[in-house]
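Visitor: I would like a close look at a single part of this model, taken slowly and with the terms explained as they come up.

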Amino acid sequence: MFSEVLTQLQKATEYRVKVWAYNNAGDGISDSYTATTGEDVPSKPPSNIIAQNYTSLTRIPISWDPVPQEFVHGSLVGYRVTYQAVNIGDLPVVYQPVISEDVGNVTSMTLKNLETLVVYRITVAAISNRGPGPKGVTFGETCRCRPHLTTNWKNYPPYVNLTSLRTPGIIIPFLLVKVIDQCCGNCSEHGLSKLDFRRNGNNGIAQQNTTGDLLHNINDQTDFSFPVIGYKLQDSYKGGLGYAPFVESAGVAFVVYTDTSVFTNTMFAALLACWPVVVIPLVMAYIAGVMVWMLVSIAELTK
């Protein structure tokens, strides 16, 4: 009984093996059979993985190029897509669970039921009968802001001025619109986000008549409340709501001493403490004057 091990064969490949005996007279009768090597996991990840950012508040479409058959090493069952939240805006988040979906033999899909203003780490791997291969990685981000952002405000010149349309104009509202355009960006689903100066987050009237009403209507249902007086380094309000110092208010402080006797005594003590600075120049000026007088007198006598 003879045996031989064939090496350096391709994975998941059918081979036809032919065997015959030979001697000095020549080859004998041959016999043949076919054999297939075993499958393995894919050895390459999908390439050109693309996530379409800022498409929707809750969805991210993704696509990829298929793994070439020679790197699948068997029958392609489909692709495994995983995604995990890694950032909310620019801030990293604590560990979030990895969600996995097997999507069949396709090259695109849409991630759904996502969170707004979140960056996701997305991986795609080909799957054979032996399991998934290496992962390709990309990142995708949902839209940052809702289409309409509510307000709670009070007319407060010059920081908040009513326009002819009964909406707040400069200074804070004008700057706030610019900030929203810059920070929220353009979302394919709804375009640029708009500030609603007429309704607050509770579907009530946005404009308040008094400062008390303004402060009373600050809550987590309304996106922006202004003007709210705070200090330069303040970053929260009402124990959890965000606070952003937006416009610095100029101010003048006058310091007045009402007790003039204290002021007089202080000045006199200060003069006494620095008497050499006052006396020495006076003495030097006196001496210089005397010397000049003497020189002039001597010159007159010698004539």
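In the hairpin of strand 5 and strand 6, how many residues lie between the strands, and which residue takes a positive phi?

Guide: This is a predicted model, in which local features need pLDDT of at least 70 and side-chain atom pairs count only at pLDDT 80 or more, while totals for chains, interfaces and linings use all residues. Residues are numbered from 1 along each chain as its sequence is written, and side-chain values use heavy atoms, with hydrogens and water left out.

The hairpin of strand 5 and strand 6 has two residues between the strands, and Gly89 takes a positive phi near 65° there. Strands here are DSSP runs of E with at least two residues, numbered from the N terminus, and two of them pair if DSSP finds at least two bridges between them. Strand 5 and strand 6 (residues 91–92) run antiparallel and are joined by two bridges; within strand 6, Pro92 is the bridge partner of Asn87.

Asn87 also has a bridge partner in strand 9, namely Val119. Strand 9 (residues 118–128) runs antiparallel to strand 5 (residues 76–88), and 11 bridges join the two. A further antiparallel pairing, over four bridges, connects strand 5 with strand 7 (residues 99–102), where Ser100 is the bridge partner of Thr82. As a general point, strands of a sheet pair through backbone hydrogen bonds, either parallel or antiparallel.

For context beyond the hairpin, there is also an open sheet of three strands, with the order 3-4-8 and antiparallel pairing. Strand 3 (47–51) and strand 8 (108–111) stand at its edges, each with a single partner strand, so one side of each is left without a neighbour in the sheet. From one strand to the next, the twist averages 15°, where axes are lines fitted to C-alpha atoms and angles run from 0 to 180 degrees between N-to-C directions. Strand 4 (residues 60–65) is joined to strand 8 by four bridges, the two running antiparallel, and Ser108 in strand 8 is the bridge partner of Ser63.

One side-chain contact may also be worth inspecting: Lys44 lies over the face of Phe71, at 4.2 Å from the ring centre. A charge sits over a ring if NZ of Lys or CZ of Arg is within 6 Å of the ring centre and within 35 degrees of the ring normal.
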